[in-house]
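Trainee: I am new to this structure. Please take one part of it and look at that part closely, then place it among its surroundings.

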Amino acid sequence: MDDTQPSGDAIIVVPCFDEERRLPVAAYEAFAANVGPGTKLLFANDGSRDGTWGVLEGLRERSPGVFLTHNLPQNMGKAEAVRQGILEAFKLNPGFVGYWDADLATPLDEIPGFLETLRANPALDMVLGARVQLLGRQIHRKMVRHYLGRIFATVASTFLRIKIYDTQCGAKIFRNTPRIREIFSRPFVTRWIFDVELLVRYTQACLAAEGHRGEEHICEIPLQKWEDVAGSKVKSRDFFKGFFEFLKIMRTYR
């Protein structure tokens, strides 16, 4: 890790597993054509078995100033793919790192708002997307997944002891600080709800250092648009796996 002060750049990790036919290439190319300087996407290929790596390399070759790639030799799961991608991003010492779902359920044009919030509020370490169904916003979720998600989020909020609305949205950006680097320094014990686990690590670190859980360092942003993209690898039944992983987190971090 470079000891110099982080730059003002942002590197957002996009974990990819068998996305050859699902990756919205045109949307990524449009992003590359319009994004301002200093924001890059790092595709972390999670040992895909199809032609995903070739698609990602094609994007990088066409827009090397915007896209980076990192290849994991075998499938390790989303949690580790995100972690490995962020560790790779840390090597370039950007001011901000984060992760974004490859299917762009959250559009890439939400990224500037996240970064603007972080830059305007130096006390913030995290900006998290929240899928809130408000008038004037386009949040399209399947009803079953919405209600299962609300139950899950309520349990997570109670466990974390912070008032968080949506732990599982796949759009999150962090400030590059020692505390954030520590969160990603070791593998997660969970595969499905590592979002909750990273928040547990963060709140425990704040509690140890500052005597409180750090709510003032976290901001949720209601998304303008979120789409339940067909073919998602996360199924409704996976929410039940998440509750078993809660028990694992409780045993590990109590």
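Mentor: A term is needed before we begin: a polar contact is a pair of N or O atoms within 3.5 Å, and within protein one of them must be able to donate a hydrogen and the other to accept it. The model is predicted.

The part to look at is lysine 172, which lies in strand 7, residues 171–175. The relative accessible area of lysine 172 is 0%. Buried means under 20%, so lysine 172 is counted as buried. Its side chain reaches two backbone oxygens: that of threonine 167 at 2.8 Å, and that of cysteine 169 at 2.5 Å. Setting aside residues up to four places away in sequence, lysine 172 touches Gly98, Tyr99, Trp100, Phe114, Val127, Leu128, Thr167 and Asp195.

One of those residues, Asp195, leads to helix 7, which covers residues 194–210. Helix 7 packs with helix 5, residues 143–160. Two packed helices are described by the angle between their axes and the distance between the axes. Here the axes come within 11 Å and cross at roughly 20 degrees. An angle under 35 degrees counts as roughly parallel, and helix 5 and helix 7 are therefore roughly parallel to each other. The crossing of helix 5 with helix 7 is right-handed. On the helix 5 side, the contact is formed by Phe152, Ala156, Phe159 and Leu160; on the helix 7 side, by Val196, Leu199, Val200 and Thr203. By class, this contact has seven nonpolar residues, one polar residue and no charged ones. Some of the spacing follows from helix geometry: an α-helix has 3.6 residues a turn, so residues three or four places apart point the same way.

Between helix 5 and strand 7 there is a loop, and arginine 161 is placed in it. At 61% relative accessibility, arginine 161 counts as exposed. Its phi is near 60 degrees, a positive value in a residue other than glycine.

Another loop runs between helix 6, residues 178–183, and helix 7, and threonine 190 is found there. Threonine 190 counts as buried, at 2% relative accessibility. The side chain of threonine 190 reaches the backbone nitrogen of phenylalanine 194 at 3.5 Å. The side chains of threonine 190 and glutamate 197 are joined by a polar contact of 2.7 Å. Beyond its neighbours within four places in sequence, threonine 190 is in contact with Ala79, Glu197, Glu245 and Ile249.

For comparison, take a helix pair elsewhere in the chain. Helix 1, residues 25–34, and helix 2, residues 52–62, pack at an angle of about 20 degrees with their axes 11 Å apart. That makes helix 1 roughly parallel to helix 2, and their crossing is right-handed. Val25, Tyr28 and Glu29 of helix 1 meet Val55, Leu59 and Arg62 of helix 2. By class, this contact has four nonpolar, no polar and two charged residues. The buried residues of helix 2 are Thr52, Leu56, Glu57, Gly58 and Leu59. They pack against helix 1 and against strand 1 (10–16), strand 2 (39–46) and strand 3 (67–72).

Conventions. Residues numbered from 1 in each chain as written. Predicted model: local features only at pLDDT ≥ 70, side-chain atom pairs only at ≥ 80, totals over all residues. Heavy atoms only, no water. Axes fitted to C-alpha atoms, helices over the stretch in contact; angles between N-to-C directions. Helix = DSSP H or I, 4+ residues; strand = E, 2+ residues; numbered from the N terminus. Parallel < 35°, antiparallel > 145°, perpendicular 65-115°, else oblique. Left-handed = near helix turned anticlockwise from the far one by under 90°. Contact = heavy atoms within 4.5 Å. Nonpolar A, V, L, I, M, F, W, Y, C, P; charged D, E, K, R; others polar. Buried < 20%, exposed > 50% of the residue type's maximum accessible area, 1.4 Å probe, protein only.
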